[in-house]
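Please look through the sequence and the model below, and then follow the explanation from one part of the fold to another.

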Amino acid sequence: MLSLSIFSSSQRISVAIYEGTSLKVFAEKKIESNKIDRIFLLLKKVIKNKEKKIKKIFYSVGPGSFTAIRSIKSIAEGISSVYNAEILTINDFEIYLTKTGLQKNDVIVFFEVTKNKYFYRYFQYNKNSYKADSNYSSGELNKVLKFINEKKKKKRNLRVVSNSNSNFKMLKNFNDKEKFICKPNAKKIAEAIFMGFGKINQKIIYYNTYYE
């Protein structure tokens, strides 16, 4: 039984094929002119002669660009309808929780989505699982870092994970072992599914201020 994982951001697209939890094929491309049409070339490349064996499809429902996520959702639903494959989704924050080293600690995930616009969310670790402590928030980097530094004063074992080292420059009271970098892609989506984050809910997480 094969699983197909699909990822798209404003910079890159990627697809991956898994047999069980073992990666079989991975392909990635840079997005040019804000178009994700190359996703079809990647899909053709990785699922050639494997279509009928695909029984699960993974993707993220956001938060992010409604148009990009909706496109990935349509692709997943199209493949699913032809081959009767099950669709499982995660959200973008759960991708970052796949990073090795975060286990058994509370975590704050934050990442840039547009120029100096960040999404962030706090997760508590309890009984071998992560639970979001609150709804996700957005703001400029200085607002995010203030939130993180205030949490660190209360949580000694707090970890932070983001998509770029530059996001950590103004953080206080964190050593290198408490800061992690994660680059989201189709493989990371699959890893999050295998960790147990997968859901059947396909409702897109659309955030109005994404375009502000």
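The largest pocket of this predicted model encloses about 640 Å³ of space. Its lining is made up of 31 residues, and those closest to the centre of the pocket are F7, S9, S10, Q11 and P184. Several elements contribute to this lining, for β1 (2-8), β4 (54-60), α2 (66-83), α3 and β6 each supply at least two residues, and β6 gives the most, with four residues. Sorted by class, the lining of the largest pocket comprises 13 nonpolar and 13 polar residues, together with five charged ones.

Two of the elements that line the pocket, β4 and α3, lead to a charged residue that deserves a careful look. D92, which is placed in helix α3, is buried and yet takes part in no salt bridge, since the nearest side chain of opposite charge, that of K199, is 9.9 Å away. A salt bridge would need a side-chain nitrogen of Lys or Arg within 4 Å of a carboxyl oxygen of Asp or Glu, so a residue at the distance of K199 does not qualify as a partner. What the side chain of D92 does have is a polar contact with the side chain of S60, at 2.4 Å.

Elsewhere, charged residues do find partners, and the structure holds seven salt bridges. Side chains of opposite charge can pair when their charged atoms come close. One of these pairs is R12 with E28, whose closest N and O atoms are 3.4 Å apart. Because R12 belongs to strand β2 (residues 12-19) and E28 to strand β3 (residues 22-30), this salt bridge ties together parts that are 16 residues apart in sequence. Both ends of the pair are partly exposed, R12 having a relative accessible area of 33% and E28 a relative accessibility of 31%.

A salt bridge between parts further along the chain is formed by the side chains of K155 and D106, with 3.6 Å from N to O. K155 sits in the loop between α4 (141-154) and β10 (159-162), while D106 sits in the loop between α3 (92-96) and β6 (107-114), so that the pair ties together parts that are 49 residues apart in sequence. The two partners fall into separate classes of accessibility, for K155 counts as partly exposed at 31%, whereas D106, at 11%, counts as buried.

The salt bridge between K188 and E191, at 3.5 Å from N to O, is arranged within a single helix. Both residues lie in α5 (residues 186-197), where they are three residues apart, about one turn of the helix. Here K188 counts as buried at 17% relative accessibility, and E191, at 29%, counts as partly exposed. Apart from this pair, salt bridges that share partners join K152, R159 and E178 into one network.

Helix α5 itself can be followed a little further. Its buried residues are A186, K188, I189, A190, A192, I193 and F197, so that K188, under the 20% limit for a buried residue, stands in this list although its side chain takes part in a salt bridge. At the start of α5, a side-chain oxygen of N185 reaches to within 3.0 Å of the backbone nitrogen of K187.

Finally, three places in the backbone are worth checking in the model. Where does P63 lie, and what kind of peptide bond joins G62 and P63? P63 is placed in the loop between β4 and α2, and the bond that joins G62 and P63 is a cis peptide bond, with omega about 15°. At the other end of α2, in the loop between α2 and β5 (86-90), comes N84, which has a positive phi of about 55° although N84 is not a glycine. N84 counts as exposed, its relative accessibility being 69%. A comparable case is K104, again not a glycine, with a positive phi of about 65°; K104 lies in the loop between α3 and β6 and is exposed, with a relative accessible area of 63%.

Conventions
Residues numbered from 1 in each chain as written. Predicted model: local features only at pLDDT ≥ 70, side-chain atom pairs only at ≥ 80, totals over all residues. Heavy atoms only, no water. Buried < 20%, exposed > 50% of the residue type's maximum accessible area, 1.4 Å probe, protein only. 1 Å grid on protein atoms, 1.4 Å probe; cavity = no way out; pocket = protein on both sides within 12 Å on 5 of 7 lines; lining within 4 Å. Points joined across faces, edges and corners; volume = space filled by probe spheres on them. Nonpolar A, V, L, I, M, F, W, Y, C, P; charged D, E, K, R; others polar. Polar contact = N/O pair within 3.5 Å; in protein donor to acceptor, adjacent residues only side chain to side chain. Lys, Arg positive; Asp, Glu negative; His and termini not counted.
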